[in-house]
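Open the model in a viewer and keep the selection tool at hand. The stops below say what to select next and what is there.

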Amino acid sequence: MSQAATAGRRGSPRRFNLRERIRDRDTAVYGVLIIVAILFPMVTIYATDGTALVSHATRAGYFVLLAIGLNVVVGFAGLLDLGYAAFFAIGAYSYALLASPQLESSPAHHAVHITFWILMFVSLLAAAAAGAVLGFPTLRLRGDYLAIVTLGFGEIVPQLFYNFDQWTGGINAVGLIDQPRLPVWVQGPWSGDGPFTFVRDFSFNGDPVAYYVLIVILIAVAVILVNNLYRSRLGRAWMAIREDEVAAAAMGINTVTTKLLAFGIGASFSGFAGAYYGASVSLVSPDSFLFIVSITVLVMVVLGGMGNITGVIIGALVMYTVIFYLIPGLPENAVSLANNVGLGGIVPASGDWPGLAEETQRLNFIIYGIILVGMMLLRPQGILPSRVREQELKHAAVQEEETVVEQAHAS
Amino acid sequence: MVGSGASVLKRFRSSQLGGMSLPDYGFYILCATAIVLLATQAVLHPSDFAQILVFGVTQGAIYALVALGYTMVYGIIELINFAHGDVFTLGAYIGTAILGFFSLTEGSFTTINLIALLLVFPLVMLIMGGINVAIERVAYRPLRNAPRLAPLITAIGMSFLLEGIMFLWKGPATVHFPDILPQASTTVAGVFFGFKDVFVVVVAAILVTLLALFINRTRLGKAMRATAQDRDAAQLMGIDINRTIAATFFIGALLAGAGGMIWGLYYNTIYYQLGFRSGLIAFTAAVFGGIGNIPGAAIGGLVIGLTAAFSDSYIGSKWTQVVIFGILIGVLVFRPTGLLGMRVPEK
């Protein structure tokens with residue numbers, strides 16, 4: 001009732017159109033993503049006769065999850081987090097320690113094997129708790145100071161996992177991590193030895209297609225959750241804080257609790273992703289969670305378009321493809337290109353020349369750097385920026401112009 | 001240590017309710033605990049302690065030079081310049097390359113060594129200054145009015161780019177930096193002083209003093225201070241903002257280039273990712289001293305250098321990183337403006 005009344009009072013046709021348009025673009029992107037997600041394994045397995053591309057996609061998947069989670073912190077609430085990999089590490093280690101033989105050689109002397117489906121939520125809670133513990137004393141800090149605290153946290157956590165080697169194996173990493181197993185009651189044509197089988201023996205057994213299905217489901221759940229959060233009272237509070245913290249506090253928003261929730265919820269997604277990561281690579285070492293991971297995820301969020309969920313997903317997929325697929329594939333392509341155009345002589349190493357493949361590989365850093373700088377210079381707002389914000393800004397600019405024109409006429 | 005931390009936290013929370021400035025109190029208690037612990041060591045093993053002190057001061061002097069660049073850039077455009085650590089490393093790389101043109105005698109000190117040093121040291125500083133101004137022009141200036149995270153990402157991109165250039169140039173292995181300083185050393189009361197230690201500290205002290213004079217006594221220094229305080233107001237007063245910011249990057253890189261040279265001369269080993277870790281540590285030093293505060297960065301560098309040295313010896317080197325970044329978090333929680341920082345109004 002009250003909603004209808006406000007809509008009637010404020011609802012101009014123009015505003016209605018704007019909302020329709022926003023919904024349309026996102027729906028379109030989601031539609032395309034769903035279709036691609038369904039067709040991808042079929043097409044690539046048919047075309048390349050192998051699952052290499054599908055396992056690439058499973059790895060891209062946890063980066064998508066991480067980007068969605070970081071977007072809550074950076075894009076929605078406007079808190080810069082430079083240590084996001086720490087929460088990812090906490091999630092991954094929670095799973096790795098509780099689902100592997102690791103604890104047998106630790107002072108506990110008992111290996112723990114809990115099923116993935118429970119540990120997924122344990123990891124989630126562990127990461128969220130770490131987020132809250134870090135956030136509680138530090139969220140009073142403003143702007144970049146918070147970024148620096150998270151940076152410090154991100155440096156400490158992997159080092160702690162490295163140092164407590166009695167428990168975590170330190171540099172030797174935690175290996176032999178359990179694979180998820182489907183519970184017996186979800187038996188169907190997809191399990192066993194039937195023609196539609198993609199999960200054998202109810203266990204994933206490193207089958208990329210099974211992991212692909214799992215990560216697509218996880219991402220879908222995450223997207224629905226985050227979309228609902230975005231539209232909720234909490235989501236609006238986050239955006240109010242992002243735009244102007246003082247004004248938001250004056251409107252009665254408890255800024256500390258709201259920021260803490262952004263931190264905790266953002267961290268919980270990386271805990272989720274961490275459990276999945278531990279299961280899918282089956283080996284968790286402190287080296288996998290260094291500063292570079294936090295930066296990569298941040299780059300995905302910013303390049304995709306902060307605050308916009310579809311933009312962030314696209315950003316994560318694009319950056320994953322560039323960093324982990326295109327750039328590592330460059331040496332091979334350069335060699336075959338050189339051979340094809342008759343420059344085969346530059347391929348082998350001789351003297352100071354390390355060989356074309358090696359030389360191209362050494363260019364990786366430079367290429368990555370140029371891509372980052374170039375993309376930011378060309379499109380600082382990201383690939384798919386949040387349409388609401390874009391329109392708000394444009395609308396404000398137009399209104400300002402109109403008042404100026406009116407004043408000019410009046411005088 | 002843990003017990004005092006918990007009680008400090010409790011006090012800190014009650015301070016929020018009471019509205020008193022007890023977080024400062026917590027900061028002093030933490031500092032005092034650290035000083036008491038170190039003083040115990042100093043009394044028990046004076047010569048070991050003094051030796052670590054010498055090493056810490058030397059290390060800290062280098063961190064201070066790098067931290068100054070971070071703090072100046074942050075003070076003026078509020079950007080965490082991730083590329084700065086790599087500018088520092090690139091300084092060392094260019095230094096080795098230019099030193100390669102001289103017929104140097106390693107391990108002893110000849111006239112040629114001295115001439116080479118006197119020529120190359122300022123030259124590397126100037127080259128790095130030029131490179132940093134170019135970086136600012138390409139990667140940061142076009143984004144001055146863009147969303148705040150955009151220049152941060154280009155800074156990271158520039159960092160990768162510089163690392164990539166060094167990687168391409170010399171490959172992934174460590175690179176030897178010519179050992180051309182005098183090997184003279186002396187032992188005072190069981191404490192070893194090398195010429196190198198003295199050299200590092202003296203050069204760093206001279207550079208920091210020059211910087212302080214420049215900032216406080218010259219017109220351009222005044223323009224920098226004004227721009228850092230309020231960019232728009234400074235512009236209205238007729239200050240050329242772009243030129244001032246470029247000058248800040250130039251001076252920051254002069255110090256980073258000097259830091260790179262000193263690092264090379266002292267440790268004689270460099271590698272392309274050196275700037276990443278030491279850059280983060282230098283940045284911690286800048287925050288510790290109060291980011292944007294120039295004497296703060298110098299003191300922060302010294303404190304972090306000492307902390308690293310003490311933690312390496314007394315706690316174990318694998319904990320040093322945890323200690324340094326733990327201190328960073330502690331400082332920010334209890335005293336967000338750093339050791340010497342002023343309360344900066346939120347813009």
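Start with helix α12 of chain B, which is mostly covered: 16 of its 22 residues are buried. This is a predicted model, so everything on the tour is read from computed coordinates. In chain B the helix covers residues 294-315. Does its length fit its residue count, and what distance should its 22 residues span? At 1.5 Å a residue the expected span of α12(B) is 32 Å, and the end C-alpha atoms lie 30 Å apart, which agrees. Step past the end of the helix to B:G316, which follows α12(B) and has a positive phi near 120 degrees.

Now add helix α3 of chain B, residues 46-77, to the selection. At what angle do the two helices pack? The angle between α3(B) and α12(B) is about 140 degrees, and their axes are 6 Å apart. That angle makes α3(B) oblique to α12(B), because only angles over 145 degrees count as roughly antiparallel. The crossing of α3(B) and α12(B) is right-handed. Colour the residues of this contact by class: 19 are nonpolar, 8 are polar and none is charged.

Stay in chain B and select B:E78, in the loop between α3 and α4 (84-99). Phi of B:E78 is near 55 degrees, a positive value in a residue other than glycine. Is B:E78 buried or partly exposed? It has 17 C-beta neighbours inside 10 Å and therefore counts as partly exposed, since a buried residue needs 20 or more.

A further stop of this kind is B:N268, in the loop between α10 (241-267) and β4 (269-270) of chain B. B:N268 is not a glycine, yet its phi is positive, at about 60 degrees. With 18 other C-beta atoms within 10 Å, B:N268 is partly exposed.

Move to chain A and select A:G78, in the loop between α3 (52-76) and α4 (84-98). A:G78 counts as buried because it has 22 C-beta neighbours inside 10 Å. Which residues does A:G78 touch, leaving aside its neighbours within four places in sequence? The contacts of A:G78 are with A:I241 and A:R242. Measure from A:G78 to A:D244 as well: the two are 166 residues apart along the chain, and their C-alpha atoms are separated by 9.9 Å.

Zoom out to the whole of chain A. It has 16 helices and 2 strands. Of its 411 residues, 41% are buried. Among contacts in chain A with a separation of 6 or more, 74% are between residues 24 or more positions apart.

Finish at the contact between the chains, which takes 32 residues from chain A and 35 residues from chain B. On the chain A side, select α5 (116-138), α6 (143-163), α12 (291-304) and α15 (364-378), the elements that give two or more residues to it. Which of them gives the most? That is α6(A), with 11 residues. Colour the chain A side by class to see 22 nonpolar, 6 polar and 4 charged residues.

Notes. Residues are numbered from 1 along each chain as its sequence is written. Chains are lettered from A and ligands numbered from 1 in the order in which they are written. This is a predicted model: local features need pLDDT of at least 70, side-chain atom pairs count only at pLDDT 80 or more; totals for chains, interfaces and linings use all residues. Two residues are in contact if their C-beta atoms, placed from the backbone, lie within 7 Å. Helices (H or I, at least four residues) and strands (E, at least two) are DSSP runs, numbered from the N terminus. Ala, Val, Leu, Ile, Met, Phe, Trp, Tyr, Cys and Pro count as nonpolar, Asp, Glu, Lys and Arg as charged, and the others, Gly among them, as polar. A residue is buried if 20 or more other C-beta atoms lie within 10 Å of its own, exposed if 12 or fewer, and partly exposed in between; C-beta atoms are placed from the backbone. Axes are lines fitted to C-alpha atoms, for helices over the stretch in contact, and angles run from 0 to 180 degrees between N-to-C directions. Angles under 35 degrees count as roughly parallel, over 145 as roughly antiparallel, 65 to 115 as roughly perpendicular and the rest as oblique. A crossing is left-handed if the near helix is turned anticlockwise from the far one by less than a right angle, and right-handed if clockwise. The expected span of a helix is 1.5 Å times one less than its number of residues.
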